[in-house]
Amino acid sequence: MNITGMLHGSKLLNYVGFPTSEVLGPEASEDDIKGMIERHGSVFIKPLFKGGVGKKGKSGLIGRASDLKTALSEKERLYFAVHRHGNVTAKAQGVTFEGAVPAEHEVYFSISDSTRYRAPTITITHKGGVDIEELDPSEIIEVPFEALTGLKAFVIANALSDIGAPKEIVSPLVQYLPKLWELFHHYGMTTLELNPIRMMPGAGGRLVPVACDFKCGFDRDDPRWQRLNLPNQLFAADYSDFEQEINQLRTYQGQSDVYVINDKGTVLAPTFGGGANSAVTEALGDRAIISSDFGGNPPYQKMHDVARISFKHWLKQTNVLFVIGGKSNNTDIETTFRAMADALRDYFIQQGPVPLYVVIGRGGPNLIRGMGAFKDTLDALGVPYRMFGFDSAMSEVVNYALAADEWMRNGGREQVAQKLGLAV
Amino acid sequence: MYQQGVGDFKYFVGIHTLEQIATREDRICVLNILGGESSAVSPVSHAFSGGNIVFGTSPGKKGQVLKTAAGDVPVYNNVREGLADGHRFNTGVVYLPPSGVRDGVAELIRVNPALKKVVIVTEKVAVHDAREIRAMAQQAGIDIFGANCLGVADAWNRVRIGGALGGDAPDESLLRGSIAVYSNSGNFTTTIAQYLATEGWGTTTSVSSGKDVYIHFALPEFAYALSNDRRSKAAVVYVEPGGYYEHNLNFTKPVVACVVGRWKAKLTRAVGHAGALGGDGDDAAAKEQWFQEAFGVDEIFTPDNPVVSARGAVVTNIAHIPLALTRVMALSNQQPDFAPKGDLSLKPWFGDSRGLSLPAELNLPVQEAIAPYSKQIAALDQQTGRHFPRRAMKDASGVSQMDPKTQITRLHNQSILDSSTRPLESNLCQALTGEHNGENDNALVNVAIAGNMNLHGDIMIQAADAAREAGNAPNVVLSAALAMLGPNRIDSARKGVDTLVELFVRSGLEDARDEDFDVSVIAISDTQAALFIAEETDPRAEAMLAAIDARGARSVFIRFLKGLERPLSSNAVLAAISATIAWGPLMRKRISSITARSLPWYLKIYASLIGASADGSLHRSDSYCGVPNDELLNRWTVGEMAYLSLMGEQADDASLYAFQVLTGLLTSNGPGSISAQGCKGAVSSDGPETPERVQINKAMIGFMSHTGFSHGGAGYEGIIFLADRFKHTTLTDAGEANHGLDLIAMADAYAEEYSRAKEEAKEAGTGRIGVIAGINHPVFKDKPVNHDPRETFISELFSGRDDYNVFHDFYKKLVTALFQSGATRNVFCVNIDGVISAMLLKMLWPRFRAGTLDEQALEAAAFTIFLYGRMIGCAAEIDDHINRGKNMDTRTPASKLEVVS
């Protein structure tokens, strides 16, 4: 749950009275853009990504124009720009126009929680506006501070003094930067970054810090962000339809974290426990359709819903339904297995049978009753299966599931389909 | 600001050695001790640890106790009360919901100066709160474990604090030895311990650290305390990507580190610089590197490539941990703690290859499970039907669920919209068996109902008639009949089902309709046979048997009982029909044997309710409502018979369809509806823990006594509203689309009338005028286009059949007219009551038009059809509550009651 860019960033900054550059959204008229160029001399044109995408500048995805014609051609270039990072691509949906802010000094500033200091920590440099990873360590400083007292002026003053910041920027930054703590801490953020903050001469020559780019991340376990009344679709791009459907079930009882790993995968593995999830997803590689952690002792209905949604999206393409977890300490196996088995039966009744091989590895309270419930269902559905207790190594069970998938890929699926009376 | 604790940490750390993490001397206070998770976990922890929980808190529950094998743990409203009562503790355990965790920790710190440690089990605590918890604990000098962890445990001290390390059998995993365990994953904390045992390694202290952004007791502190622990010779650590907790560690003892999660790097998006500084450099690959540098190894350990040093090894698969540890320890001549226990090879406990030609690597034979699981598996094989764990079922249901957004209820995971397209006889059974009938089962149910619906000469109809005579509403009339249907009248049928199940359960019978099944192999004793045999020929039984033949229905049990070659009782036939219907779901462990045993009672109740809704004069020795008994038995469906009882005439196709849709729609509104609450209360008060004593007829009366003119009669108000609008028109056939009426003009006229009345009421200051029956369900208001999904469904269902309903059409035009005239601010929706009224009035219109049906009869019809539908849903709730509930579990605690002056 991230936000980048000034279109929404400026609104958030206005809540705490932090000055921002002027910004227009994709709907801006030619007159508006022209007016902005006249006021500011030039404008920056930036693609608008839902959710959080950083390092646009480095990817050549920021345009600058000092006349309307250039501004419009940059708009055309960037309107549907694609940004790639590793396996993840993001597509722009519009652009923003941001008035240029004349300044001598550019400042980088961020607040996040540092696992080194185990405290909220600011990072600041007066040599901002560039990739700060490339700066000399002496020009940049990280300063942890006390969460209960918050970010105070003296923290900023000390930090700026330590890096030898020019004296004309110190006072305005000491005055304005503490306001950002309010935004960060009281609206459920985990990261807030302004880069650059341009130090614009104001009345009487006194510099005013103006935020010219904005990035923030929200903690999805913290409802405080809802106070900001942000439109829901702002975060929609962060999740696939499947992930979004599952996310709606998020409650504090029972984990429900999912990612789509490979939408062409053939092993559907509801996993239980963060460790199992990590280990199994790693071992399954691209065979895995999803990565999931459904542990945390979910109640029946939640587990049933999770399974129902997972099956609705993925069962048709699945070769191996692989239910896997360690020996649970608290999650009730009977409840979770019965819920999954019932959802599987409902799917077969409503959507028709699917050629499947079921592999289960689990331990925990009410294990045998849970396995018994799954067994009865699988027997009724006529699906082949093996269930392993916790005395079989999880990694071996994963290998078994992979072997089952391999067999299904090489003619096994057709054999199972025939057994189920399905046309091959 | 922090207190200087042990070591030279730049923050407070109080734990000097791992021995201090979970000791026998620690005394615990558990916040939210009676919560769902704690009440399951804390009793095991308490007993395992020699009774270390001194008290727990749960607001409003002071005076209650948490029962444990090591004695009761007292519960207080808050921490202060417990302390005031003389209890002392040094460790807090937090099971509060996420939003309450920070304040809970604050309170522990504020009121208890003796506090040293806090374990937070709760997951999904906001980072904001974790930040503040960190700061508070640092100021006060307190060690925090978690959040989002499973707590800490010590195999030497036999103590576990906080979560459920070791599950409900901590002794199985917490084996005393020489290895300390630290894990980001709660589950892996004990999974690793159990894996270690396969190489003969036991454990000292186990720490489940949690995996939130803030890990308060993290690896640097663990490494420090490990150095100082005289018992631990080495450690195993399991970590995942994220955070710099593993950077620059200083281990003084050998460590096997397991790093898992390289795949997570693929999922990350490009982030800003703050993310790059704080996040990008701490992925799994980086962490592997950090550990490799710390141990002086340059590769990952695998069994094929066993790279270790005396300082440690790095693995990426937890199954490799035990071997890696043994190899590391061998370099310093350290031997395992005990002989290896178990092995980690593949051992299927259950399996079925379905006769497929599987390769050898897949076709693994099922092996006997380890004790005690092998015994449980053997017991499972002997178990008939499903067993439900018992719990308080107040306001809870295992069979029905209403979606609060759409108001659509699901019964056994099937939407009532689907039920409305199924035959009534199938819905009657699906409520209890969770599965819809096939044709054979439908035929059997039709016979069961037809055979018990005619109450000629039965005291049930006399009671019903007397109640009717006294002016009671249909629910009271039918209740009077049911009061006569007590357990004695059905006893032999219930025992009959039990006996049939007992006789056939090990016979290999899979399909109760199997014509080829050899019943001669089933040996029945005289005592058992006596349950089924009538002293003299029972005409009802004979007629039912003949009807089963006439319909070509099959039943192994009927065939078997006929083989006794003695006259059978009607209860015997009912038992055989019930056993046939229940057999599949019972053998598939979908239903319990309690449900199977109760099925004849439900069937008899269904039949009696349908029968008693027709006046006694219509019950004759040879006919019912003018239809010969044989014809009903041999040919009619339950839907047709119920329609006959209600309307006194045979339904045409369209009416029958509409009637079945109506009863389907009315089946259930979830466990919160008044009717469901009534029947659940009736079960609860009889005590479901002794299921044989629950009076199912009384439970049905409980449902009916909790219906009335408001709950059940809503359709009636709509009928009267519609009748008022149409009685002065020329309408004769409500199903004729070319009715010649200007519905828009009628709707406009009424909207105007309504607006005027509203305005007048406002001017006169008499307040709001009443709502219009059948529109504006509150849940769907404030939307520009407003459709009740149930209304949409019905609308589409009937338009697909070319089945027009002028009243429904009028309703739809009315909501638009009300909006356009300004009478309502939004377009209201036609709600389900409106739909029901429209359908019912369409059915009744010819007789209403002809003047043969007065308003009271209209109301009785609307009410009765509601009862027909709802009896299905309530049967499901009753059966569910009997199976899962506890005695008197629908009580409301005194603390939740309100006094109103």
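Let's start in chain B of this predicted model, where helix α6 (residues 186-197) lies across three strands, β10 (176-183), β11 (203-208) and β12 (234-239). Relative to β10(B), helix α6 of chain B runs at about 150°.

Those three strands belong to an open sheet of seven strands in chain B, ordered β9-β8-β11-β10-β12-β13-β14 and mixed in its pairing. At the edges of this sheet stand β9 (159-161) and β14 (312-315) of chain B; each has a single partner strand, so one side of each is left without a neighbour in the sheet. From one strand to the next, the twist averages 10°.

At the β9 edge, the partner is strand β8 (residues 152-154) of chain B, joined to β9(B) by three bridges. Another strand pair crosses between the chains, linking β20 of chain A with β15 of chain B. Here are the two pairs side by side:

| Strand | Partner strand | Bridges | Direction | Residues facing each other |
|---|---|---|---|---|
| β8(B), residues 152-154 | β9(B) | three bridges | antiparallel | Val152(B) and Ile161(B) |
| β20(A), residues 385-388 | β15(B), residues 348-352 | four bridges | antiparallel | Arg386(A) and Gly351(B) |

That second pair brings us to the meeting of the two chains. How many residues of each chain are in contact with the other? For chain A the count is 93 residues, and they touch 87 residues of chain B. Helix α12 (residues 394-419) of chain A supplies the largest share of chain A's side, with eleven residues. Sorted by class, the side of chain A that touches chain B holds 38 polar, 31 nonpolar and 24 charged residues.

Terms used:
Residues numbered from 1 in each chain as written. Chains lettered and ligands numbered in written order. Predicted model: local features only at pLDDT ≥ 70, side-chain atom pairs only at ≥ 80, totals over all residues. Contact = placed C-beta atoms within 7 Å. Helix = DSSP H or I, 4+ residues; strand = E, 2+ residues; numbered from the N terminus. Nonpolar A, V, L, I, M, F, W, Y, C, P; charged D, E, K, R; others polar. Pairing = 2+ DSSP bridges. Axes fitted to C-alpha atoms, helices over the stretch in contact; angles between N-to-C directions.
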